[in-house]
Amino acid sequence: MRYHLVRKMDISNGPGVRVSVFMQGCEFHCKNCFNPETWCFDGGQEFTDEKIDEVMKLCAPSHIKGLSILGGEPMHPRNIEATTKLAKKFKELYPDKNIWSWTGFLYENVCDKEIFEYLDVLVDGQFDEELRDPRLKWRGSSNQRVIDIKKSQKKGKVVLFCD
């Protein structure tokens with residue numbers, strides 16, 4: 001598994017000041033993707049246990065509200081194991097902070113994965129240039145959903161996140 005970038009203080013990918021990890025590799029290749037440099041699975045750097053420990057230290061300060069996991073594609077079969085490992089470690093250390101993730105997959109098609117034991121919010125669906133709307137919060141196109149994972153799991157259906 002590889003990662004593209006770690007942002008130590010990010011205010012654009014979820015509420016509050018966050019640490020963001022951009023995973024490397026995506027097969028969707030959405031037209032006008034904001035991060036096409038993450039598409040190649042061989043790019044970026046190796047995502048090691050040491051890098052996970054470094055990310056955990058970055059998340060420790062009280063002003064850091066959570067962790068955001070983006071891509072590339074964090075839910076891709078080549079990335080899901082490392083994404084899950086990162087999320088699990090984060091929740092073990094910081095159970096009162098939240099995890100947001102973005103995926104081109106629909107929630108209904110990946111919700112059986114272990115990662116959903118740890119995620120709080122998922123933005124799902126591929127970016128669609130024809131549905132692009134810069135006024136949307138946390139997403140780029142109107143087909144994408146911002147999903148409250150815990151409420152969705154309780155109700156057995158998608159519940160949208162309201163902030």
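Contact here means heavy atoms within 4.5 Å. The model is predicted.

**Exercise 1. Find what covers helix α2.**
Task: Which residues of α2 are buried, and what covers them?

Solution.
- Step 1. Check the helix itself. The 14 residues of α2 should span 20 Å at 1.5 Å a residue, and its end C-alpha atoms are 20 Å apart, which agrees.
- Step 2. Pick out the buried residues. They are Ile80, Ala82, Thr83, Thr84, Leu86, Ala87, Phe90 and Lys91.
- Step 3. Look for contacts around them. The cover includes β2 (17–23), α1, β4 (64–70) and β5.

**Exercise 2. Place strand β6.**
Task: Which way do the side chains of β6 point, and which strands pair with β6?

Solution.
- Step 1. Recall the rule. In a regular strand the side chains alternate between the two faces of the sheet.
- Step 2. Apply the rule to residues 121–124. Val121 and Val123 point one way, while Leu122 and Asp124 point the other way. All of them are buried.
- Step 3. Take one partner. Strand β5 (residues 98–102) runs parallel to β6 and is joined to it by three bridges. Here Ser101 stands opposite Leu122.
- Step 4. Take another partner. Strand β7 (residues 145–148) pairs with β6 in the antiparallel sense, over four bridges. Here Val121 stands opposite Asp148.

**Exercise 3. Work through the salt bridges.**
Task: How many salt bridges does the whole structure hold, and where do some of them sit?

Solution.
- Step 1. Start from the principle. Side chains of opposite charge can pair when their charged atoms come close.
- Step 2. Count. A search of the whole structure finds eight salt bridges.
- Step 3. Look within a helix. Lys51 and Glu54 meet in a salt bridge, at 3.0 Å from N to O. Both lie in helix α1 (residues 49–59), three residues apart, about one turn of the helix. Lys51 counts as buried because its relative accessibility is 14%. Glu54, at 35%, is partly exposed.
- Step 4. Look across the chain. Asp120 forms a salt bridge with Lys91, with the closest N and O atoms 2.8 Å apart. This pair links distant parts of the chain: Asp120 is in the loop between α3 (107–110) and β6, and Lys91 is in helix α2 (residues 80–93), 29 residues apart. Both Asp120 and Lys91 are buried.
- Step 5. Add the pair of Asp10 and Arg7. Their closest N and O atoms are 3.5 Å apart. Asp10 is buried, at 3% relative accessibility. Arg7 is partly exposed, at 32%.
- Step 6. Look for a network. Salt bridges link Glu108, Asp124 and Arg145. Asp124 belongs to β6, the strand of Exercise 2.

**Exercise 4. Step back to the whole chain.**
Task: What elements make up the protein chain, and what is its radius of gyration?

Solution.
- Step 1. List the elements. There are four helices and seven strands. From the N terminus on, their order is β-β-β-α-β-α-β-α-β-β-α.
- Step 2. Take the spans. Along its principal axes the C-alpha trace covers about 40 × 35 × 30 Å.
- Step 3. Compare with a globule. A compact globule of 163 residues would have a radius of gyration near 15 Å; the chain has 15 Å, which agrees.
- Step 4. Check burial and surface. Of the 163 residues, 47% count as buried. The chain exposes about 8700 Å², and carbon and sulfur atoms supply 50% of it.
- Step 5. Check the contacts. Among those with a separation of 6 or more, 58% join residues 24 or more positions apart.

Terms used
Residues numbered from 1 in each chain as written. Predicted model: local features only at pLDDT ≥ 70, side-chain atom pairs only at ≥ 80, totals over all residues. Heavy atoms only, no water. Buried < 20%, exposed > 50% of the residue type's maximum accessible area, 1.4 Å probe, protein only. Helix = DSSP H or I, 4+ residues; strand = E, 2+ residues; numbered from the N terminus. Pairing = 2+ DSSP bridges. Salt bridge = Lys/Arg side-chain N within 4 Å of Asp/Glu carboxyl O. Expected span 1.5 Å × (residues − 1). Rg over C-alpha atoms; globule rule 2.2 N^0.38 Å. Areas by Shrake-Rupley, 256 points an atom, 1.4 Å probe, with all protein chains shown as cover.
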